[in-house]
Amino acid sequence: MKKLLNRALYMGASMSIIGASIAPIAAHAEDAAPTAETKRDVPMPGIAEGSDIVVTATKANEIAPVTASLQTTQPQSIISRSFIEDSLPKTADFNQIALISPSVSNFGGVNGVGLSESKAQIRGFQDAEYNITYDGVPFGDTNDPSHHSNTFFPSNTIETLIIDRGPGNASQLGQATFGGNFNLFSRETRHDASIEATGSYGSFNTYLVRGLVQSGDIDALGGTQIVLSGQHVRTDGARSFSPYEASNVFGKIIVPITPDVKLSVLGTYSYNTFNQPDNDGVTLAQIALYGKDFSLNLNPNSQANRDYNPESKKTDFEIIKLEAHLSDRFTFENRLYTYAYQNLTTSGNDVTVVGTAGEAAANVVRLTPTGANQFGVPGYTKTNQYRVYGDIAKLHVVLTDFARLTVGGWIEQSDTYRQQRTIDLVTGARNYSITNTAAQVNTPRDVRYDQNSAFSNGEEFVELEVEPIAGLKITPGYKHVDFTRKINALFNQTTRIPAVSTASYSADLPFVTANYAITERLSAYFQYAKGFLPPLLNTQYVVNPGLSSLDPQKSTNYQVGAVYHGPHLSVDFDLYQIEFDNKISSFTSSVPGQGVIFVNAGKALYKGIEGQITYAFDFGLAVFANGSINYARTANNPGAPATETYLARAPKSTAAAGILYKDGPIRFSLIDKYTGVQYADAGNTLPLEGYNTAIVSGSYDIGPVRLGIQVTNLTDSRKVISISGTAVASRQYFFQAPREITGTATLRF
């Protein structure tokens, strides 16, 4: 019965994300060949905790910064809590954690690690073209499924991060099952009670305080376990006059209602305040005058004044999860969740203006609808707030000893309000400076947009995992998607006129994956999968949205790979090809009154090779390397490939290498990540050089106290990592953040 129940837990796609409340069983690295029971049921401590993914117990996997499971059906990087804790600054966001993976790059974070927002890419797929989940729940903005890296889940809330470089199986849910998945798992509860307090201080006058409390098993409540965490960060920032402050609280309770029924309740809440303009790069003129780290100033006549550019963000995220082992053959799980985001921003209208003459020309406002222009500092207020509700249900059925079925569904609903209004930053008064067209005659001249929107999302899926011969698991699957967006705008974005519109999309997505255990230590896998991405909300920012007849963007994924876990050596590699169809573009109709029309008129091709390797010695030392060669180009003219261009922000290669040492009280790591040559623009006119980011970290335990130091960007590389804007004078450049040195002390008892 126990074996049958375990198989039920792992039915369907062997790598599907089942959730965060299944507490792992501790194990120790062993040189002996792993047994089937070990591979299936006993994960390594600190590796893939919170998920159902099992990592074979070896010395290499115990210390490796990234590894993959022998059960995987797609390219994968599992990043453990021990790597997050031992090798990264405590302020790291989830994009910084993910950066260790092959084919992952990022930009942003220019104010310091985790001290300003960053954006990650997978194989050249941009944020909003891949999913991020937390304990199996997809999340993202409601106008597009993009993410805010330092707003929802700071590193104190993450136990494990698993990157699937592919759309997953049919049971992998999300609006962007397209370019891959970042699967975050919440902090795990423990059987033993403990308290942990951490403090750190470092460059840019940055300090962090953090606490973690584990209740252990509460026998009076039937073995209930509770984990609580809180964190506060404050910094002056690497850039001029760019302070940042963030607070987070996190809690999770696991209640065993019966031996076969478990309830978990999770909540995390964050509040961030900082000073940053909406467009926060630095122009060439500003670089010449103030240097690469210029952002804001204290000049009362400048739109880049610190006090004119405040921003606050507030988020919450809650999950109630029920797991029930109904019988030897049936397991049911349900996640009911909600999350919310609020962004309140005031920003200068154009922070690229430099010099007295430029400010004099730009600092003009109109304080009455029909009045004359006068001196003022133009800017705007912005609101973006939403709440999302959803439910995910999965039923796992053991049909026979060689066949397991997973069926389920996902429903989700959002409600969003967004607005932007122009003001005089000096007085806060309304600035009626916008020029109206004939269609906008009734629009107040200080309103850029005032918009309510919503989406409803439904997905149903089925998977059948069959094992026709010992060691070979084949999982065909199917998913149906229905997605609807609605706008009810008092004044719509871009058009600035009232708008009511609805757009619905659907897709049928087939999947086939296979994993073959060649030996106890070696497996190979194959994946064929269709990905889906609905058109973004901005396709409805037009005068006549009905003229844009759009299909969802789709990807077709082909991937093969292999994983090997020996006593000391861990290796995996893969080959992939992804065809991106129905890429959306727009044009302005020549027919009067029709305006902008969106169409499916683009294609792209992604292909490459990726690999990871770790070798662990007997005395606690390990060396590792990973890398990728990536191709990501448009594919609109197959007969004339020379006319195709590389996709923007898609590095041609990535690489990482380093050494790690763990023995007794000592922990040490030196890691260098290389991000290859890429282009900042779609036209390939703005090339970016490759660049390295090295991190060294060391700590020593003295009784219950751990003292450590981390140095980020060890070589103080300051290369350009992104460029935005088309006009040369106002084009903004983003540089690697300067070297950071941080000292940390942690007390455990």
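In this predicted model, I162 sits opposite N183 of strand β7. The pairing belongs to a longer run of contacts between strands: β6 (residues 158–164) and β7 are joined by 6 bridges and run antiparallel. Strand β7 also has a partner in β4 (residues 131–134), this time in a parallel arrangement with 4 bridges. Here I132 is the residue that stands opposite F182 in β7.

With these partners in view, the surroundings of β7 itself are worth a look. The strand spans residues 181–186 and is mostly covered, with 6 of its 6 residues buried. Its side chains can be sorted by direction: N181, N183 and F185 point one way, while F182, L184 and S186 point the other way, and all are buried. N183, opposite I162, and F182, opposite I132, thus point in opposite directions from β7.

A further residue to follow in the structure is T268, which is found in strand β12 (residues 261–275). T268 is buried, because its relative accessible area of 2% falls under the 20% cut-off. The T268 side chain makes a polar contact, at 3.0 Å, with the side chain of N248. Neighbours within four places in sequence aside, T268 is in contact with F152, F153, T157, N248, V249, F250, T315, D316 and F317. N248 therefore appears both as a polar partner and in the contact list, since contact means heavy atoms within 4.5 Å.

Attention now turns to enclosed space. Rolling a probe the size of a water molecule over the atoms shows where empty space is left. In this model the count comes to 14 cavities of 30 Å³ or more. The largest cavity holds about 320 Å³ of space. It is lined by 22 residues, and Q96, N106, G108, G109 and T693 are the closest to its centre. Elements α5 (94–98), β2 (104–108), β28 (666–675) and β31 (691–702) each give two or more residues to this lining. By class, the lining of the largest cavity comprises 6 nonpolar, 13 polar and 3 charged residues.

The second largest cavity has a volume of about 170 Å³. Of the 19 residues in its lining, N150, P154, Q231, Y244 and A246 lie nearest its centre. Two or more lining residues come from each of β10 (225–235), β11 (244–258) and β12, the last of these being the strand that holds T268. Strand β11 gives the largest share, 4 residues. The lining of the second largest cavity divides into 6 nonpolar, 11 polar and 2 charged residues.

Terms used:
Residues numbered from 1 in each chain as written. Predicted model: local features only at pLDDT ≥ 70, side-chain atom pairs only at ≥ 80, totals over all residues. Heavy atoms only, no water. Buried < 20%, exposed > 50% of the residue type's maximum accessible area, 1.4 Å probe, protein only. Polar contact = N/O pair within 3.5 Å; in protein donor to acceptor, adjacent residues only side chain to side chain. 1 Å grid on protein atoms, 1.4 Å probe; cavity = no way out; pocket = protein on both sides within 12 Å on 5 of 7 lines; lining within 4 Å. Points joined across faces, edges and corners; volume = space filled by probe spheres on them. Nonpolar A, V, L, I, M, F, W, Y, C, P; charged D, E, K, R; others polar. Pairing = 2+ DSSP bridges.
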